[in-house]
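Reader: I should be grateful for a close examination of a single part of this structure, namely the disulfide and the strands around it. Please set out what the model shows there and how that part sits within the chain.

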Amino acid sequence: MPPLPTWPAASILAAMRALVPLILLTACGASVASDGRWLGTMTPDPAAPGCEPGRASLVTTRGAVLFTPNEGTLTLQGAAAPDGPVTAIRTTTGADKKPYVLRLAARLDGDRIAGTYTTPRCSYTVTLRRA
């Protein structure tokens, strides 16, 4: 019989941390009519040199939000309100040992989410469509 696959404990813990808000909101019975998956683009502010365009994805489940900018490994957690606001944030530590805050402030309108994603270095206009 082949051996079972093993995963690093850090990967399992990171996945569990990302799912906790979704589990809690599900248990509390929160609901947003527009649960789903969203894909789209990130267009950098022209005043921010060195910031490249990118793609992003967002998942809404019962009011919880997971936003993944630049199809990367960092995920911002947040919430989608029934009346349209979508917010997500993640704070890490920069190379200078100072807080490095990543923030999404957007609005849900039908099959579209539009807003701004900001980092200490760049600002992007985000446009996502239901996948």
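Author: The account below begins with the chain, proceeds to the disulfide and the strands, and ends with the aromatic rings and some individual residues.

This is a predicted model, in which local features need pLDDT of at least 70 and side-chain atom pairs count only at pLDDT 80 or more, while totals for chains, interfaces and linings use all residues. Residues are numbered from 1 along each chain as its sequence is written, and side-chain values use heavy atoms, with hydrogens and water left out.

The chain contains 1 helix and 8 strands; helices (H or I, at least four residues) and strands (E, at least two) are DSSP runs, numbered from the N terminus. Read from the N terminus, the order of the elements is α-β-β-β-β-β-β-β-β. Of the 131 residues in the chain, 31% are buried, where buried means under 20% relative accessible area, exposed over 50%, and partly exposed in between (1.4 Å probe, protein chains only). The chain exposes about 8,200 Å², of which carbon and sulfur atoms supply 61%; such areas come from the Shrake-Rupley method with a 1.4 Å probe, and for residues only the protein chains shown count as cover. Contact means heavy atoms within 4.5 Å. Among contacts between residues at least 6 apart in sequence, 38% join residues at least 24 apart.

A search of the whole structure finds 1 disulfide, defined as a pair of cysteine sulfur atoms within 2.5 Å. The disulfide joins Cys51 to Cys122, with an S to S distance of 1.8 Å. Cys51 lies in the loop between strand S1 (36–44) and S2, and Cys122 in the loop between S7 and S8, so the pair ties together parts that are 71 residues apart in sequence. The torsion about the S-S bond of Cys51 and Cys122 is about -85 degrees, and the disulfide is therefore left-handed. Cys51 and Cys122 are both buried. In general, a disulfide is a covalent bond between the sulfur atoms of two cysteines.

The strands next to Cys122 come next. S7 (residues 112–118) and S8 (residues 123–130) are a pair, and two strands pair if DSSP finds at least two bridges between them. S7 and S8 run antiparallel and are joined by 7 bridges, with Arg112 opposite Arg129 in S8. A hairpin connects S7 to S8 through 4 residues. On the preceding side, S6 (residues 99–109) is joined to S7 by 7 bridges, and these strands also run antiparallel. The hairpin of S6 and S7 has 2 residues between the strands, and Gly110 in the turn has a positive phi of about 65 degrees. S5 (residues 85–93) pairs with S6 in the antiparallel sense over 9 bridges. Between S5 and S6 the hairpin has 5 residues, and Lys97 takes a positive phi near 70 degrees. Leu104 in S6 is the bridge partner of Ala88, and Leu104 also stands opposite Tyr117 in S7.

Tyr117 leads to the aromatic rings. The whole structure holds 2 aromatic pairs. One of these, formed by Tyr117 and Tyr124, is stacked, at 5.9 Å centre to centre with 25 degrees between the planes. Rings of Phe, Tyr and Trp (its six-membered ring) pair if their centres lie within 6.5 Å; planes under 30 degrees apart count as stacked, over 60 as edge-to-face and the rest as tilted. Ring pairs link Phe67, Tyr117 and Tyr124 into a cluster. Tyr117 has 5% relative accessibility and so counts as buried; Tyr124 is also buried, at 7%.

On the side of Cys51, S2 (residues 54–61) includes Thr60. Thr60 counts as buried because its relative accessibility is 5%. The side chain of Thr60 makes a polar contact of 3.4 Å with the side chain of Trp38; a polar contact is a pair of N or O atoms within 3.5 Å, and within protein one must be able to donate a hydrogen and the other to accept it, while residues adjacent in sequence count only if both atoms are side-chain atoms. Not counting residues up to four places away in sequence, Thr60 touches Ser34, Asp35, Gly36, Trp38, Val65 and Ala80.

Arg62 lies in the loop between S2 and strand S3 (64–69), and its phi is positive, near 50 degrees. At 36% relative accessibility, Arg62 is partly exposed.
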